[in-house]
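Please look through the structure below with one strand residue in mind as a starting point. The paragraphs that follow move outward from there to the pockets, a helix and the chain as a whole.

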Amino acid sequence: MRVPPRPSRTRRLRHVIPAVVSAALAVSALSAPAAAAQEPAPAACPANLQNSATCYTGQSADGAYYAIAVPEQWNGSLVVHAHGGPDLGEKSDPERGIGDLERWSVMVEQGYAWAGSSYRRGGYGTRMAAADTESLRRLFVEQFHPPKRTYIHGQSWGGNVAAKTIEIYDKHGPYDGALLTNGVLGGGSRGYDYRVDLRVVYQYYCRNHPRPSEAQYPLWMGLRAGSTMTTTGLRARLQECTGFSSPPEERTALQQRNLDDILAVTRIPERTLESHLRFATFTFRDIVHNRLGGRNPFSDKGVGYSGSHDDTALNAGVERFSADPTAVRDLSYDSDITGRVSIPVLTLHAIDDPTAFVEHEAAYRAGLRGAKRDKHLVQTFTDEHEHSGLSTSEYANSISALDAWVRSGKKPTPASIAASCPAFDASYGTGCYYKPAFTPAPYATRVNPRPDGLDWPALSADQEKKWSRLPSVGIAP
């Protein structure tokens, strides 16, 4: 069933009802300024969808590029996608939506319409991303047909965005269920503490970020505001200190000891050490300088580091700092989860996720339990080892299980979801790796807790409501 966009309100008033949006708009969809929202313009679908779906692109009034796909055999329901990252940079990425559509085309192959926003800008901002996600859902309803059911999917940081979206907007009832995969579900005020630890532990051993000869700055900044460091330059410093990209036999004794100590203390997997250090450098700079006006939302005061060859020296020599309470407030308001959900939420997480540790799921469950809403949650875990992508069979199985839960009202179990996966694997052949009996350890067993950092949710609904009344709170869009 091909579903072209509905005409704009102006055109409807003129009783002009074209079958499809003018093809001329397709040429300008990725280049027009964001002064006014663009109607969805036909665009090329990813190769595997070209014969089974119609795709559209456009740009919102806020400047967010988006991509939409409607399958020929549409089941009437919509999946709204929240992407991860955050990507850095001040402009929306016109290619991100189509790239994400290709990556999660399984949703369209399963009969769902799909809509994904690139967000109005790069950089951190969970509520900003949630607003752009909700804006795209409304655009779909306006320009196409109101779906029978609407699901939201978020992966990685997009899991945080999606979880925040249903808390902010679901009181109006637009979403029927949420699928969160490999989500960063600890929230911003606690979810990056292990990267704070990496930043200070790395500098204690390596002394090259910054070097003694360079301008000094507190490490919670990630980088000083005017730094010209690149990812290539950071990688060179990491290699200089640890030899991480060299075979073990080619590392010096000091490099190997530095690497061993950093990994043991932070519990970050070696294969993602560089990406975590990039986040603790460039994304921290974005959070601090671009979003919080130079205020510090991070702390390592009172943290006891262990696992090195000399913990006493490490704890005595590592840089210490305390957070600015207003910065913590604004980061928490922007991204922390209150647990106040009222719709079915299904999560899927790789047990050996090296980026968003599986203990994020323990934090999320504790948050919903603290809000007395954990009855709305089912969590599933798989014996996989990557963060950016899981088995296609599992994605197909997960959206089907969520849809069945919403339609029937019957809550599934991890075991029943695992049992339904082979039917999808017969089509996709990417494997089913569920571990129904797995339960993640508490978040504090993986990430050093800060004072008052053991209770969940990190942000109560009452506190969020009080903060919302302040004249200026959170991160500006």
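Glutamine 379 is found in strand E9, where helices (H or I, at least four residues) and strands (E, at least two) are DSSP runs numbered from the N terminus. The model is a predicted one, in which local features need pLDDT of at least 70 and side-chain atom pairs count only at pLDDT 80 or more, while totals for chains, interfaces and linings use all residues. Residues are numbered from 1 along each chain as its sequence is written, and side-chain values use heavy atoms, with hydrogens and water left out.

At 6% relative accessibility, glutamine 379 counts as buried, a class that means under 20% relative accessible area, as against exposed at over 50% and partly exposed in between, with a 1.4 Å probe and protein chains only. Leaving aside neighbours within four places in sequence, glutamine 379 is in contact with Thr347, Glu361, Arg365 and Pro414, contact meaning heavy atoms within 4.5 Å. For one of these partners, arginine 365, the C-alpha to C-alpha separation from glutamine 379 is 8.5 Å, with their positions 14 residues apart in sequence counted as the distance apart.

Strand E9 (377-382) also leads to the largest pocket, since this strand, helix H7 (188-191), helix H13 (325-335) and helix H14 (359-370) each supply at least two residues of its lining. A pocket is here an open set of points, on a 1 Å grid over the protein atoms alone, where a 1.4 Å probe fits, with protein on both sides within 12 Å along at least five of seven lines; lining residues have an atom within 4 Å of a point. The largest pocket holds about 820 Å³ of space, a volume being the space filled by probe spheres set on the grid points, which are joined across faces, edges and corners. Of its 41 lining residues, Arg190, Gly453, Leu454, Trp456 and Ala458 lie nearest the centre, and H14 gives the most to the lining, with six residues. The lining divides into 25 nonpolar, seven polar and nine charged residues, where Ala, Val, Leu, Ile, Met, Phe, Trp, Tyr, Cys and Pro count as nonpolar, Asp, Glu, Lys and Arg as charged, and the others, Gly among them, as polar.

Trp456 of this lining is joined to proline 457 by a cis peptide bond with omega of about 5°, and proline 457 is found in the loop between helix H16 (414-428) and helix H17 (461-468). In the loop between H14 and E9 is lysine 372, which has a positive phi of about 60° although it is not a glycine, and which is exposed, with a relative accessible area of 68%.

The second largest pocket has a volume of about 480 Å³ and is lined by 21 residues, of which Gly85, Ser275, Arg278, Phe279 and Thr355 lie nearest its centre. Helix H11 provides the largest share of this lining, five residues, and by class the lining has five nonpolar, 11 polar and five charged residues. Here too a cis peptide bond can be located, joining glycine 85 and proline 86 with omega of about 0°; proline 86 is in the loop between strand E4 (78-82) and H3.

Helix H10 (residues 253-266) has 14 residues and reaches 20 Å from its first C-alpha to its last, close to the 20 Å expected at 1.5 Å a residue, a span reckoned as 1.5 Å times one less than the number of residues. Its buried residues are Gln255, Asn258, Leu259, Asp261, Ile262, Leu263, Val265 and Thr266, and what covers them includes helix H8 (193-206), helix H9 (231-242), helix H11 (273-291) and helix H12 (311-317).

Histidine 209, in the loop between H8 and H9, is buried, with a relative accessible area of 0%, and its contacts beyond four places in sequence include Arg199, Tyr202, Leu234 and Thr281. The same loop between H8 and H9 holds arginine 207, which is partly exposed at 43% and has a positive phi near 55°.

Taken as a whole, the protein chain has 17 helices and nine strands, and 57% of its 477 residues count as buried. Its radius of gyration, taken over C-alpha atoms, is 23 Å, which agrees with the value near 23 Å for a compact globule of 477 residues, the globule rule being 2.2 Å times the number of residues to the power 0.38.
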